[in-house]
Amino acid sequence: MLAAALSSGDVLFLELQEVCQNSCLVEKHRLSIGKDSIALSLDWTAFENDSASVIVSDSLGNLSLCEEGQSEFSVMQQWQAHDYEAWIAAFDKWNRNVLYSGGDDCKLKGWDIRAPPTLPTFTSKQHSMGVCSIQSNKHREHLFASGSYDEKILLWDNRNIKCPLSTTHVGGGVWRLKWEPLYGDHLLAACMHNGFHILDCTNLEENGQKIVASYMEHSSLAYGADWGMPIAQLDRNQSTAGDGNATDSIRRNIDGDTSGNASDNRRSVERGAAECLKTVPNTSQHTSLTSKCLGYTLASCSFYDHVMHLWQWCW
């Protein structure tokens, strides 16, 4: 299931299905969170044997908690969380009752959905500008990250929110944060006017985390980024090791192609993805994966030129 936050104020739920021997996304349900608002972000939570929940933030500063029913999602709670746009909302990966939000009012807030929604569990003003990205670490309990237009990434322990564990200046507004999915020791950041960066968070440093790789090949705002397939059993001579640079050996423009041959680019990306898929070990055997994973293929996208790049980083 895929969910998308739309500028119409709707959340669109789609499902991947096989239609005429082709895979395609099919709309399953559309949920309105408010006719006068723009849906700005959403996040899922789903624990074993539990139904899924989705938290949505919007342009009016509201948070909407959506719960899965027998056939569709519905809004179970909605409350005013921020004075201006609520740019981001995210669940805690260790507790489905706990979530975090950030807004254009420069506030980072925590919430427990078992309590009255008018009472946040904490309110932090450590960021000096709007808070626009948050993600909890699913491998390290209590740890979460926040990013802001103030060009800083803060790492937090949710048991002590008075002061962040670490503050890293990345030189651009931090629009998206994604923890590395296998171990949770690296953090990917989309930094608007200053490209994409990978931070080493193995050890938390009060004065800032080391940036171990940067990708600066986009010509527009760095807006979206995520970790793709792990790279395994590759010849290290074919990839750039973790020396502070990301290789663009499989980078391709999916849209806004400048080479005059977009179809060839798309075919190249498809071949690269298929090759990567073949080399990934069985994820059910964590020890095998630990010994063979050399890095990642990552995806990044920029705002005005509608371009997505694929690139590699190896440690």
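Student: What makes β8 and β9 count as paired strands, and in which sense do they pair?

Tutor: This is a predicted model, by the way. Two strands pair once there are at least two bridges between them. β8 and β9 (residues 95-102) have five bridges, in the antiparallel sense, so they pass that cut-off. One spot to look at is D92, which stands opposite N95 in β9.

Student: Where do these strands sit in their sheet?

Tutor: The sheet is an open one of four strands, in the order β8-β9-β10-β11, with antiparallel pairing. The twist averages 20° from one strand to the next.

Student: Why are β8 and β11 said to stand at the edges?

Tutor: β8 (88-92) and β11 (122-124) each have a single partner strand, so each has one side without a neighbour in the sheet.

Student: What makes β5 a largely enclosed strand?

Tutor: Count its buried residues. Buried means under 20% relative accessible area, and six of the six residues of β5 (residues 53-58) are buried, so the rest of the structure largely encloses this strand.

Student: Which residues of β5 point which way?

Tutor: S53, I55 and S57 go one way, while V54, V56 and D58 go the other, and all are buried. That fits a general pattern: in a regular strand the side chains alternate between the two faces of the sheet.

Student: How do you know which strands β5 pairs with?

Tutor: Go by the bridges again. Six of them join β4 (residues 39-45) to β5, running antiparallel. Five join β5 to β6 (residues 62-68), also in the antiparallel sense. With at least two bridges needed, both therefore count as pairs. V56 shows both contacts nicely: L42 has V56 as its bridge partner in β5, and V56 in turn has S64 as its partner in β6.

Student: What lies between β5 and β6 in their hairpin?

Tutor: Three residues, and G61 there takes a positive phi near 90°.

Student: Why is the pair of F13 and W44 called edge-to-face?

Tutor: In general, a pair of aromatic rings is described by the distance of the centres and the angle of the planes. For F13 and W44, the centres are 6.1 Å apart and the planes are at 80°. Centres within 6.5 Å make a pair, and planes over 60 degrees apart make it edge-to-face, so the label fits. The pair also links distant parts of the chain, with F13 in β2 (residues 10-19) and W44 in β4, 31 residues apart.

Student: Are those two rings' residues buried or exposed?

Tutor: F13 has a relative accessible area of 1%, so F13 is buried. W44 has 27%, so W44 is partly exposed; that class lies between the 20% and 50% cut-offs.

Student: What makes Y100 and F144 a stacked pair instead?

Tutor: Their centres lie 4.1 Å apart with 15° between the planes, and planes under 30 degrees apart count as stacked. Y100 is in β9 and F144 in β13 (residues 143-148), 44 residues apart. Y100 is buried at 1% relative accessible area, and F144 is buried at 0%. The structure holds 16 aromatic pairs, and W87, Y149, W175, Y223, F303 and Y304 form one aromatic cluster.

Student: Why is H193 called exposed?

Tutor: Its relative accessible area is 69%, and over 50% counts as exposed. H193 lies in the loop between β17 and β18. Its C-alpha atom is 5.3 Å from that of G172, 21 residues away along the chain.

Student: What makes a group of residues a nonpolar core, and which residues have the most contacts inside the largest one?

Tutor: The members must be buried nonpolar residues joined through side-chain atoms within 4.5 Å. The largest core has 16 residues, with L188, F196, I198, W227, L298, W311 and W313 having the most contacts inside it. Elements giving two or more residues to this core are β17 (186-190), β18 (196-200), β19 (210-215), β20 (222-232), β22 (293-302) and β23 (308-314). Apart from it lies another core, of 13 residues, including L143 and C201.

Student: Which residues does L298 touch?

Tutor: Leaving out residues up to four places away in sequence, its contacts include L188, I198, W227, W311 and W313.

How values were computed: Residues are numbered from 1 along each chain as its sequence is written. This is a predicted model: local features need pLDDT of at least 70, side-chain atom pairs count only at pLDDT 80 or more; totals for chains, interfaces and linings use all residues. Side-chain values use heavy atoms; hydrogens and water are left out. Buried means under 20% relative accessible area, exposed over 50%, partly exposed in between (1.4 Å probe, protein chains only). Contact means heavy atoms within 4.5 Å. Axes are lines fitted to C-alpha atoms, for helices over the stretch in contact, and angles run from 0 to 180 degrees between N-to-C directions. Rings of Phe, Tyr and Trp (its six-membered ring) pair if their centres lie within 6.5 Å; planes under 30 degrees apart count as stacked, over 60 as edge-to-face and the rest as tilted.
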